[in-house]
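Subject: Structure handover

Hi,

Here is the structure I promised to pass on. Please load it first; my notes follow below.

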Amino acid sequence: MDFFKSQESLTATGWILRSIVGFVFLIVAAKFMGQRSISQLRFLDFIIALTLGNIIAHPLSDEHLGLKGSMITTVSLVILYILAIWLSLKIPLLKQFFDPPAIILIQEGKLDYRNLTKAKLPIEFLFAELRKANVDDISKVAFAAWEPGGTLSVFMNTAFQPITPTDLKLSTEPFNLTKPIIADGHIEHALLREIGKDREWLEAEIRPRVLKDIILATVDSKQSVQVQVVREP
């Protein structure tokens, strides 16, 4: 465990072990922080990500720094992060500080330039985001807001929204979700259990092909299996 402490120099093995421990420790820390910390970088998430990266990076590149202190600091910051999220759920003022409301940029086809300045966004960037949303004319936008996570929410005026079967009073088939039941050549056993089937059923569904030859297969809500990708002979 010498690699764990401050050293004058580390062997190649020591550096490798320190890297492995640091990597695994960051994964565990991220798990404790929850999905929010990796799904979007809001104000609090950005601060914690930036800080943790620096804390762990230094002992992984400097043998004079011990890993123990960095890990203790990381645990403390993770606890503070979770506590801050919990407090923001209980105290509205903290919630507004950590998760400010969305900034309205466009309403009824008109740009709110003051809010655009408040969001610190150039007009060119706004139009780039609108193009990503397939918006060709700002006057067609009913509502657009800059979200705290750094994304633009766009809603078109009803006159420019796609027509749906409901608008035409047409009957439709129930929603049919397709999921991978064989991915990268491996059976998704959890999905098999979810639909109440077993390996033998799956093998029967994919015949004449065999499991080892299939890279991707999917199953829908009607339990119909489709082989998507097969290994090249």
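Leaving aside neighbours within four places in sequence, which residues is Glu129 in contact with? There are two names to note: Trp146 and Leu152. Keep in mind that this is a predicted model.

**Glu129 and its helix**

Glu129 sits in helix H7, which spans residues 123–132. Is Glu129 buried or exposed? Its relative accessible area is 15%, so Glu129 counts as buried, the cut-off being under 20%.

Glu129 shares that status with Leu126 and Leu130 in H7. These buried residues cover an arc of only 100° around the axis, so they lie on the same side of H7. The background is simple. An α-helix has 3.6 residues a turn, so residues three or four places apart point the same way.

The other side of H7 looks outward: Glu124, Arg131 and Lys132 are exposed there.

What covers the buried residues of H7? The cover includes helix H6 (113–118) and four strands: E1 (103–107), E2 (110–111), E3 (141–146) and E4 (152–156). After H7 comes Asn134, with a positive phi near 60°.

**The E3–E4 hairpin**

Two of the covering strands, E3 and E4, also pair with each other. They run antiparallel and are joined by five bridges. Phe143 stands opposite Phe155 of E4. Five residues separate the strands of this hairpin. In the turn, Gly150 has a positive phi of about 85°.

**The protein overall**

- The protein has 233 residues, of which 28% count as buried.
- Nine helices and eight strands make up its secondary structure elements.
- Take the contacts between residues at least 6 apart in sequence: 50% of them join residues at least 24 apart.
- The exposed area is about 15,900 Å², with carbon and sulfur atoms supplying 61% of it.

**Confidence**

How much pLDDT does the protein average? The figure is 80, and 72% of the residues score at least 70. Residues 35–39 are a stretch to watch: the pLDDT there is below 50. In the model this stretch still has nine contacts beyond near neighbours in sequence. Where pLDDT is low, the predicted coordinates should not be read in detail.

Best wishes

How values were computed. Residues are numbered from 1 along each chain as its sequence is written. This is a predicted model: local features need pLDDT of at least 70, side-chain atom pairs count only at pLDDT 80 or more; totals for chains, interfaces and linings use all residues. Side-chain values use heavy atoms; hydrogens and water are left out. Buried means under 20% relative accessible area, exposed over 50%, partly exposed in between (1.4 Å probe, protein chains only). Contact means heavy atoms within 4.5 Å. The arc is that of the directions from the helix axis to the C-beta atoms. pLDDT is the predictor's confidence in each residue, from 0 to 100. Two strands pair if DSSP finds at least two bridges between them. Accessible areas come from the Shrake-Rupley method with a 1.4 Å probe; for residues, only the protein chains shown count as cover.
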